[in-house]
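Student: I am new to this structure. Please take one part of it and go through that part closely, then show me how the rest is arranged around it.

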Amino acid sequence: MSRADAAEDADARFMARALRLAERGLYSTDPNPRVGCVLVRAGEIIADAWHQRTGEPHAEPLALRQAGEQARGATAYVTLEPCCHQGRTPPCTEALINAGVARVVAAMQDPNPRVAGQGLEQLRAAGIAVEAGLMQTEAEALNPGFIRRMRTGLPWVRCKLAMSLDGRTAMASGESRWITSDAARADVQRLRARSSAILTGIGTVLSDDPSLNVRIDPQTGQAPAARSAVRQPLRVVLDTQLRLPEDARLLGLPGRTLVMTAVTPEHRQWNLLEAAGAEVLTSIPSGSGQIDLGWALRELGRRDCNEVLIEAGPQLAGAALRGGWIDELWVYLATHLMGDAARGLFHLPGLERMEQRVGLELLEVRQIGDDLRLRFRPQEGAGTNRPVPSVKRGAGKGAHV
């Protein structure tokens, strides 16, 4: 192996270590990105760290603090361009320059307009050798919601569904507990834990009275020692006519609940829900008397939500799919049959010909306990009224639900 090849191999190895560190912040950094940093000197790791929680030090200063004077002349491998602005913490570029780091290798440029290449330029101006783009695809996969929100103002949207082998989500009576195994439900808890918000419709709340909370420590898979030990995502209910009862289970749990409605504060239920701890927000007029799903997602992006998880019935799931708002479908497939009369996965009216089918790209198949977890990406334009969202999505009119 040539010296150049050996150097490239070492760079990839140290960046892979930084990416694994960044992943440790999967459930705790929101709304900040997940970032890892490895400091290397003379081919040996002298310090490493990851950003753990919003408001706490970023990965770079944590690693520099570990390294002390050894950081002078070292190479810093970071999964995201170091920040160059004063936020809740000081600029990371300043810390790297003051520590005397000789080289910085960043996996990707920060999509935040307040950084967006300026951090790398500051480092270059200080005489530090800078490289960017190593393992960029892997780094982007860690922070799809942060990247989407910084570029478009919209969150990354996942839709979680559980179904039987014959594609049913509930019996004809509405009974749906439990379709999947304990292992699959624990996996959903981890999916919730990484989400900024969980979005559902009033129909699901009225029929199931769900909690929509995180009930396990995602790192250990066990019940948390204290309720405050787990970050709870924002619970969001789309409730056009404000039918949510003030004694709904999700209103009595730790964390915040946002109710999006089409009615005004004069509605009799408004004050009752606020007294129960909910925030109630009237949507912009849609012309149909319904809540515009595009408006709802833009509002969640404005509230710094990076990743939104839709857990809802066929009406809302179908509207989100038709509108092109879903980035990923997570389908938990249970190995049993529920019969012809049971309820389906999506409400997709008007599909009458084969060319109207909704195309899906299969990204992953994994066995979770006795069930299968299937992960899909909707194909562009397949069976929808507009293209399925890419990074530049959301310029048009949203689906109404």
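Tutor: Two strands count as paired if DSSP finds at least two bridges between them. Strands (E, at least two residues) and helices (H or I, at least four) are DSSP runs, numbered from the N terminus. The model is predicted, so local features need pLDDT of at least 70 and side-chain atom pairs count only at pLDDT 80 or more, while totals for chains, interfaces and linings use all residues. Residues are numbered from 1 along each chain as its sequence is written, and side-chain values use heavy atoms, with hydrogens and water left out.

The part to look at is strand β6, and its setting is a sheet. The sheet is open and has 9 strands, in the order β10-β9-β8-β7-β11-β6-β12-β14-β13, with mixed pairing. At its edges stand β10 (279-282) and β13 (360-368); each has a single partner strand, so one side of each lacks a neighbour in the sheet. From one strand to the next the twist averages 20° (axes are lines fitted to C-alpha atoms, for helices over the stretch in contact, and angles run from 0 to 180 degrees between N-to-C directions).

In that order β6 sits between β11 and β12. On one side, β6 and β11 (residues 307-310) run parallel and are joined by 4 bridges; across this pairing, Val157 faces Val308 of β11. On the other side, 6 bridges link β6 with β12 (residues 328-333), again in the parallel sense, and Cys159 has Leu329 of β12 as its bridge partner. β11 in turn is joined to β7 (residues 197-201) by 3 bridges, also parallel, with Ile198 opposite Leu309.

The strand is also covered above and below its plane of pairing, as the burial values show. Buried means under 20% relative accessible area, exposed over 50%, and partly exposed in between (1.4 Å probe, protein chains only). For β6 (residues 156-163), 8 of the 8 residues are buried, so the strand is largely enclosed by the rest of the structure. This holds for both faces: Trp156, Arg158, Lys160 and Ala162 are buried on one side, and Val157, Cys159, Leu161 and Met163 on the other.

Part of the surroundings is helical. Helix α6 (residues 144-152) packs on the sheet and touches β6 and β11 (contact means heavy atoms within 4.5 Å), and its direction makes about 135° with that of β6. Helix α9 (residues 268-275) lies across β9 (257-261) and β10, at about 145° to β10.

One residue of β6 leads to a nonpolar core, which is a set of buried Ala, Val, Leu, Ile, Met, Phe, Trp, Tyr and Cys residues joined through side-chain atoms within 4.5 Å. Met163 belongs to a core of 33 residues that also includes Ala197, Leu238 and Ile291. This core is separate from the largest one, which has 43 residues. In the largest core, the residues with the most contacts inside it are Met15, Leu39, Leu64, Tyr77, Leu96, Val101 and Val104. Helix α1 (residues 3-22) gives the largest share of that core, 7 residues. Apart from neighbours within four places in sequence, Val104 contacts Ala76, Val78, Pro82, Leu96, Leu123, Ile128, Ala129, Val130 and Glu131.

Another residue of β6 leads to a record. In an unreviewed entry, UniProt lists Ala162 under "binding site", among other positions that include Trp178, Asp208, Pro314 and Gly318; such annotations use the numbering given here, with shortened feature names, and may be inferred rather than shown by experiment. Pro314 lies in helix α11 (residues 314-323), and its 28% relative accessibility makes it partly exposed. Gly318 is in α11 too, but at 0% relative accessibility it counts as buried.

The same kind of unreviewed record lists Glu60 as "active site". Glu60 is found in helix α2 and is buried, with a relative accessible area of 3%. Not counting residues up to four places away in sequence, Glu60 touches Cys37, Val78, Leu80, Pro82, Cys92 and Leu96.

To return to the strand itself: β6 pairs with β11 and with β12, and residues on both of its faces are buried.
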